[in-house]
Amino acid sequence: MSANSRLTIAAHALAWIGLYQRQGHEVATSEGIAASANTNPVVIRRLLGELRKAGLVESRRGAGAGWSLARELGSITLLDVYEAVEPGPLFAMHRTTPDQGCVVGHGIQPAMQDIYQDIEETLRRELAGVTLEKVLRDVLAAPRQAP
């Protein structure tokens with residue numbers, strides 16, 4: 001099982017757009033963002049589409065097409081990004097109901113639901129406390145390694 005990188009890539013894209021706009025550019029292209037994230041522009045466009053639906057970015061078509069922030073980085077939290085790109089619960093139960101005649105099968109879902117609820121509440125609280133402005137500050141402060 002591999003970890004999901006959608007939140008990380010979405011935060012990368014937003015921080016990149018924010019920095020790019022601060023450098024005097026109006027819009028960023030999915031190709032430029034994709035090069036920075038070392039991924040396919042289609043991946044970036046899909047994520048940006050989800051971020052647009054959430055009101056975090058805007059798109060422009062035609063001449064000068066590209067993406068811009070719909071809100072300032074300081075008003076976008078990682079929770080906003082998470083909710084835009086990670087629909088549904090963090091953890092899931094069995095795809096089929098476990099054997100209710102088995103003591104473990106009967107009790108596993110209620111036990112795990114309580115644990116998962118606590119974890120999800122903690123995750124949401126932590127993500128809500130971090131803005132994309134802080135992420136960009138931390139990005140810019142990170143020591144650069146020689147290639």
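Contact here means that heavy atoms lie within 4.5 Å, and helices and strands are DSSP runs numbered from the N terminus. The structure described below is a predicted model.

**Helix 6 and what covers it**

In helix 6, which spans residues 132–141, the residues Leu132, Glu133, Val135 and Leu136 are buried. These residues cover an arc of only 160 degrees around the axis, which puts them on the same side of helix 6. Among the elements that cover the buried residues of helix 6 are helix 1 (6–22) and helix 4 (78–85).

**The hairpin of strands 1 and 2**

Strand 1 (residues 57–60) and strand 2 (residues 66–69) run antiparallel and are joined by 4 bridges. Across this pairing, arginine 60 has glycine 66 of strand 2 as its bridge partner, while glutamate 58 stands opposite serine 68 of strand 2. The hairpin that the two strands form has 5 residues between the strands, and in it glycine 62 takes a positive phi near 80 degrees.

In a regular strand the side chains alternate between the two faces of the sheet. In strand 2, Gly66 and Ser68 point one way and Trp67 and Leu69 the other way, and all of these residues are buried.

Is serine 68, a residue of strand 2, buried or exposed? Serine 68 has a relative accessible area of 13%, and because buried means under 20%, this residue counts as buried. When its neighbours within four places in sequence are left aside, serine 68 is in contact with Ile17, Gln21, Glu26, Val27, Val57 and Glu58.

**The second largest pocket**

The second largest pocket has a volume of about 190 Å³. Its lining includes Gly66 and Trp67 as well as Arg60, and Arg60 is the bridge partner of Gly66 in the hairpin described above. Other residues that line this pocket include Thr29, Ser30, Glu31, Arg45, Gly49 and Arg52. Helix 2 (30–37), helix 3 (41–53), strand 1 and strand 2 each supply at least two residues of the lining, and helix 3 gives the most, with 3 residues.

The table shows how the lining of this pocket divides by residue class.

| Class of lining residue | Number in the second largest pocket |
|---|---|
| Nonpolar | 2 residues |
| Polar | 5 residues |
| Charged | 5 residues |

Strand 2 thus appears in two settings: paired with strand 1 through 4 bridges, and as one of the elements that supply at least two residues of the pocket lining.

How values were computed
Residues numbered from 1 in each chain as written. Predicted model: local features only at pLDDT ≥ 70, side-chain atom pairs only at ≥ 80, totals over all residues. Heavy atoms only, no water. Pairing = 2+ DSSP bridges. 1 Å grid on protein atoms, 1.4 Å probe; cavity = no way out; pocket = protein on both sides within 12 Å on 5 of 7 lines; lining within 4 Å. Points joined across faces, edges and corners; volume = space filled by probe spheres on them. Nonpolar A, V, L, I, M, F, W, Y, C, P; charged D, E, K, R; others polar. Buried < 20%, exposed > 50% of the residue type's maximum accessible area, 1.4 Å probe, protein only. Arc of directions from axis to C-beta.
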